[in-house]
Amino acid sequence: QLFSFSMNSAQFDILRYQAFTALRSMGFDTTSIERSVAAYENAYKNDVNAGVYKINVIAELILAEQQRSAIQQASSKRCRDKHDGANQNRPPVKKQKFPVSCASPISHSHMSKAEAMRLSVGSRIDHRNENGVFKIATVVEKLGTNLKIHYDGQSRMKDIWCNYEQDIHRFAAPYSMSKGSNPSPAPQSCIIDDRDKQAKEKLIAELKSSHAQKNKRIQQMQKAINDLHRSNQALTEQQKQSDHERKSMQQSIQAKEIKLKETMAEKEQFRRLQQRLGIAWETSKKEIAALKTQTNALQSEHKKQAQKMNVFERAYQSVKQKLSALHDFADDQDLGQLNETKLTAMEQKLEQKLKCVKEAKQKLSEQRVQSKLCIVCQDEERDHTIVPCGHLCICGDCKQHYEQQGAVCPMCRGPIQQIIKIYT
């Protein structure tokens with residue numbers, strides 16, 4: 001089954017590191033992983049450019065390389081055994097152990113300090129161990145000039161720290177010194193010997209057993225990959241669900257924001273309405289105060305008119321008393337004793353007095369009528385005043401005709417804003 005790590009081009013180093021970590025967790029050594037990854041990158045350039053590493057394909061390449069290496073090692077061993085059998089009578093050569101500080105007997109040169117300074121985490125080198133033997137190793141940590149070295153095929157517990165300024169003779173290019181210390185590979189003619197059928201069958205059996213074990217490991221890895229794939233699908237579903245919840249939450253937030261904006265708009269309208277009502281209330285209060293002032297003025301004018309009526313009434317009573325006295329005087333006088341001139345003068349005087357009495361009586365009557373009756377119908381008493389002119393001139397029946405739009409005061413022809421009833 002296909003299992004791949006996918007990344008964009010900016011994270012290519014992280015992608016390659018993840019592939020290395022996954023293959024190391026399967027039990028493969030670093031050398032085999034590096035060679036197989038390099039072969040995969042050369043053979044599957046399109047997938048690598050797309051950011052895809054197929055772990056199962058790389059694992060198959062590693063297993064194939066291990067099988068070829070096993071065949072080559074077995075053939076080399078058989079050739080060495082034949083060579084050792086021909087030289088059995090030779091005395092054994094004692095292996096010389098070189099200390100770390102001494103120079104290596106191998107003719108290859110070590111790294112320069114400039115090359116050592118360029119080393120970084122993950123760099124491959126040949127490093128001389130404490131026994132004086134160069135082995136392929138990897139730089140796993142770097143602190144200034146101190147490098148932490150990990151030997152391939154050994155436990156992490158055996159990692160060591162080494163300073164390349166003090167021990168530069170222990171650093172060499174990868175596979176430059178370790179290959180020189182290893183025996184040269186056997187020629188192709190020594191790989192398979194047709195005459196040794198038993199060894200060949202034994203080798204084939206070992207290869208089949210190794211192949212079966214590798215297949216079993218591949219099945220286990222495929223099972224683990226399937227579990228990872230299922231967990232990835234579950235995570236994808238959870239991500240979709242969280243995205244759906246996030247979208248629904250965003251929609252809810254947007255709806256609440258719209259509702260909040262509407263509420264703020266309504267609040268602003270209410271504030272403006274309240275402001276207009278406050279202005280109208282202040283205007284009404286001023287109008288009411290003006291109407292009260294006009295009403296007080298009308299009441300004082302009405303009192304003055306009443307006082308004038310009382311004055312006219314008293315004058316009328318006085319004139320009436322004088323006429324009565326004059327009649328009494330005329331009755332008492334002996335008109336027969338007066339001459340014609342005196343009688344004519346008396347007659348003219350009496351006519352003038354009577355004319356004055358009639359005029360005063362008529363004027364008093366007119367003032368009485370004008371001060372109490374409606375000037376429009378002359379039937380009902382005046383009890384409504386007009387605002388703003390303040391004339392008390394109409395009754396309740398005539399009020400309806402002056403409440404229409406465009407009506408004017410019947411006395412001054414001024415505009416009518418309001419008609420108020422006056423209680424006395």
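Is aspartate 227 buried, partly exposed or exposed? In this predicted model, aspartate 227 has a relative accessibility of 36% and counts as partly exposed, because the class lies between the limits of 20% for buried and 50% for exposed. The side chain of aspartate 227 meets that of arginine 230 in a salt bridge, with an N to O distance of 2.1 Å. Both residues belong to helix 7, which spans residues 197-332, and because they are three residues apart there, about one helical turn separates them.

That contact is a salt bridge in a structure that holds 10 of them. Another joins the side chains of arginine 35 and glutamate 65, where nitrogen and oxygen are 3.6 Å apart. This pair links distant parts of the chain, since arginine 35 sits in helix 2 (residues 30-43) and glutamate 65 in helix 4 (residues 55-86), with their positions 30 residues apart in the numbering. The two partners fall into separate accessibility classes: arginine 35 is partly exposed at 44%, whereas glutamate 65, at 18%, counts as buried, because buried is taken to mean under 20%. A comparable reading applies to the salt bridge between arginine 156 and aspartate 159, whose closest N and O atoms are 3.9 Å apart; arginine 156 is partly exposed with a relative accessible area of 48%, while aspartate 159 is buried with 14%. Salt bridges also link Glu34, Arg124 and Asp152 into a network.

From the charged pairs the description turns to the sheet. Strands of a sheet pair through backbone hydrogen bonds, either parallel or antiparallel. Here five strands form an open sheet in the order 6-5-4-3-7, and the pairing is antiparallel. Strand 6 (160-163) and strand 7 (171-172) are the edge strands, each of them pairing on one side only.

Within this sheet, strand 3 (residues 124-128) runs antiparallel to strand 4 (residues 134-143), and five bridges join the two. Among the bridge partners, isoleucine 125 is matched with alanine 137 in strand 4, and histidine 127 with lysine 135, also in strand 4. The two strands form a hairpin with five residues between them, and in the turn glycine 132 has a positive phi of about 85°. Strand 4 also pairs with strand 5 (residues 146-151), again in the antiparallel sense, over six bridges. In that pairing leucine 143 has asparagine 146 of strand 5 as its bridge partner. The hairpin of strand 4 and strand 5 has two residues between the strands, and glycine 144 takes a positive phi near 70° there.

Asparagine 146 leads on to asparagine 163, as the side chains of these two residues make a polar contact at 3.3 Å. Asparagine 163 lies in strand 6 and is buried, with a relative accessible area of 14%. The side chain of asparagine 163 additionally reaches the backbone nitrogen of glutamate 165, at a distance of 2.9 Å.

The backbone also has several features in loops. Tyrosine 175, in the loop between strand 7 and helix 6 (178-181), has a phi near 65°, a positive value in a residue other than glycine; at 24% relative accessibility tyrosine 175 counts as partly exposed. Arginine 413, found in the loop between helix 9 (396-399) and strand 10 (418-421), likewise has a positive phi, of about 60°, although it is not a glycine, and arginine 413 is exposed with a relative accessible area of 59%. A cis peptide bond, with omega about 20°, joins valine 387 and proline 388, and proline 388 is placed in the loop between strand 8 (384-387) and strand 9 (392-394).

It remains to consider the enclosed space. Rolling a probe the size of a water molecule over the atoms shows where empty space is left. Three cavities of 30 Å³ or more are counted in this structure, and the largest holds about 70 Å³ of space. The lining of this largest cavity consists of Met26, Ile55, Asn56, Ala59, Glu60, Ile218, Met221, Gln222 and Ile225, and helix 4 and helix 7 each supply at least two of the lining residues. By character, the lining of the largest cavity divides into six nonpolar residues, two polar and one charged.

Terms used
Residues numbered from 1 in each chain as written. Predicted model: local features only at pLDDT ≥ 70, side-chain atom pairs only at ≥ 80, totals over all residues. Heavy atoms only, no water. Salt bridge = Lys/Arg side-chain N within 4 Å of Asp/Glu carboxyl O. Helix = DSSP H or I, 4+ residues; strand = E, 2+ residues; numbered from the N terminus. Buried < 20%, exposed > 50% of the residue type's maximum accessible area, 1.4 Å probe, protein only. Pairing = 2+ DSSP bridges. 1 Å grid on protein atoms, 1.4 Å probe; cavity = no way out; pocket = protein on both sides within 12 Å on 5 of 7 lines; lining within 4 Å. Points joined across faces, edges and corners; volume = space filled by probe spheres on them. Nonpolar A, V, L, I, M, F, W, Y, C, P; charged D, E, K, R; others polar. Polar contact = N/O pair within 3.5 Å; in protein donor to acceptor, adjacent residues only side chain to side chain.
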